Amino acid sequence: MTHTPIADKNTPYWWEAAPVKPVPRQPLVRDVDVAIIGAGYAGLAAGLVLARAGRSVVAFDAMNPGEGASTRNGGITSGSIRPDYATLTRRFGEDTAIAVETEGKIARQFLYDFIKTEGLDCDFKLVGLFKGVIGHDEYEKTARSAETLAKRLGIEAYAVPYAEQQQYIGTDSYRGGMVRTDIGGLHPAKFHAELLRVALASGVTVHAGTRVISVTKDGSGFEVVTEAGTVRARQVLACTNGYTDKALPYLRRRLVPVRSRIIVTQELPPDLMAKLMPKQMMMGEGKQLGFYYRPTPDGKRILLGGRDSSRTGDPDAPKLLLRRGLVDLFPDLKDVRLSHSWFGNVAMNRDMLPRIFEKDGVVYATGFCGSGVVWAPWVGMQAAYKLLGKKVERRSAFDFQPPASVPFYNGNPWFMPAIIQGYRLQDRLALYRAKR
Ligand SMILES: Cc1cc2nc3c(=O)[nH]c(=O)nc-3n(C[C@H](O)[C@H](O)[C@H](O)COP(=O)(O)OP(=O)(O)OC[C@H]3O[C@@H](n4cnc5c(N)ncnc54)[C@H](O)[C@@H]3O)c2cc1C
């Protein structure tokens with residue numbers, strides 16, 4: 001019996017228009033100012049700042065540049081922070097809570113300005129984000145949080161009652177929602193390709209398919225051993241996020257890679273797209289394991305993402321789970337075929353905050369917790385300013401102590417299935433309460 005694939009291709013939809021590829025080979029320069037490990041958004045953005053400041057910069061990537069999360073993501077410019085304001089205040093104090101939230105606003109705006117001033121051709125549109133809620137209590141809470149966002153940060157946000165929901169989304173799955181106008185969508189692989197273009201033009205040397213094997217402090221600098229040879233670097237910046245390997249054992253004990261999966265539909269008829277996504281907004285939901293979804297930049301398909309988890313070990317199960325989620329939201333899509341499905345790694349840490357920190361002289365820019373379209377370029381650049389010793393107007397709220405290590409963990413996230421199960425249970429309970 002032949003097996004009909006769930007999706008036509010197991011590679012990112014984004015690679016059709018912007019394929020990942022190696023950069024032309026360069027001779028290995030043996031002595032540099034800065035060696036960067038990882039050439040995703042964070043590594044390239046940092047390289048750009050450093051090269052423009054006159055530093056000699058070499059970036060190594062074990063894969064093709066961008067082949068990590070930076071060309072695999074949903075392209076939603078969320079810049080979210082997982083812990084809410086109350087949790088941040090409880091854990092770090094009110095000043096930090098305000099600084100973190102303010103930085104989200106600044107970083108989002110920075111990204112939009114950066115795309116414009118650098119002329120990055122990446123299909124960016126500031127279309128807004130609709131977040132659906134599942135019950136009346138949650139709607140009330142969401143409406144209050146829209147008010148707070150507007151009051152505290154001046155972000156335009158408003159609640160959408162159930163009666164008006166269909167103007168935003170053609171589903172009956174929610175009991176209203178909230179709109180934020182400061183979030184949009186871009187083509188993540190085009191954005192990465194454009195970032196690579198300007199980084200190379202600024203003088204960053206990128207070595208693709210060149211894994212860094214070890215980093216050792218050596219007098220006033222570092223000995224960086226790579227698959228292509230050894231380099232001496234005055235400074236080292238680690239931008240490996242969800243793909244961190246044994247070369248960076250200190251970081252590995254502090255970051256948990258979590259697989260995230262996306263599915264994309266075949267092209268849909270224009271009238272169906274107009275019914276399901278009338279405003280072509282980015283979409284999310286207020287659940288622990290909620291989906292995020294959006295139209296593709298040409299407005300012809302729907303892309304939906306969520307956790308890549310399976311209790312059975314069946315490799316098709318995570319794709320089917322997302323497909324079921326899509327059809328639950330939009331029953332009109334019950335017979336739709338999927339054109340693409342793929343996964344990538346995001347990186348969580350214990351307090352779920354992005355981070356810039358230094359340990360034994362190596363600077364790290366990492367921990368974007370699934371929201372790196374805004375955070376990775378921003379945090380990468382802030383880390384570059386740190387390396388330059390540059391006085392900045394306001395120090396990043398994420399520049400503080402390293403995240404705590406995860407107990408009994410050395411790179412194999414054996415505990416993730418239990419955590420995901422716990423989240424699933426919380427979502428089921430919330431749904432049960434909403435239906436009572
Ligand atoms: C499926 C999915 C959907 C997502 N959706 C969104 C979204 O809609 N919005 C959003 O804001 N964020 C989203 N994200 C998160 C976002 O993509 C990431 O946070 C961001 O791309 C991280 O960028 P980075 O440069 O830090 O890391 P990456 O792009 O992951 O790059 C890290 C690089 O380090 C390299 N590396 C690792 N170890 C070594 C070594 N020893 N030597 C050399 N190179 C090494 C890897 O090869 C890799 O290329 C999503 C992520 C995934 C996977």
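Hi everyone, this is a short walk through two helix pairs and a ligand site.

The model is predicted, so local features need pLDDT of at least 70 and side-chain atom pairs count only at pLDDT 80 or more, while totals for chains, interfaces and linings use all residues. Residues are numbered from 1 along each chain as its sequence is written, and side-chain values use heavy atoms, with hydrogens and water left out.

Let's start with helix α2 (residues 41–52) and helix α6 (residues 188–201), which pack at about 25 degrees with their axes 9 Å apart. Helices here are DSSP runs of H or I, at least four residues, numbered from the N terminus; axes are lines fitted to C-alpha atoms over the stretch in contact, with angles from 0 to 180 degrees between N-to-C directions. That angle makes α2 roughly parallel to α6, a label for angles under 35 degrees. In contact, meaning heavy atoms within 4.5 Å, α2 offers Tyr41, Leu44, Ala45, Leu48 and Arg52.

Next, the axes of α3 (residues 85–92) and α4 (residues 94–117) come within 7 Å and cross at roughly 135 degrees. These two helices are therefore oblique to each other, the term for angles outside under 35, over 145 and 65 to 115 degrees.

Now, which residues come nearest to the ligand? Of the 39 around the ligand, they are Asp61, Ser70, Ile76, Val212 and Val373; "around" means a heavy atom within 4 Å. A backbone N or O atom of Val373 also lies 2.9 Å from a ligand oxygen atom. Asp245 places a polar side-chain atom 3.0 Å from a ligand nitrogen atom.

How values were computed: A polar contact is a pair of N or O atoms within 3.5 Å; within protein, one must be able to donate a hydrogen and the other to accept it, and residues adjacent in sequence count only if both atoms are side-chain atoms.
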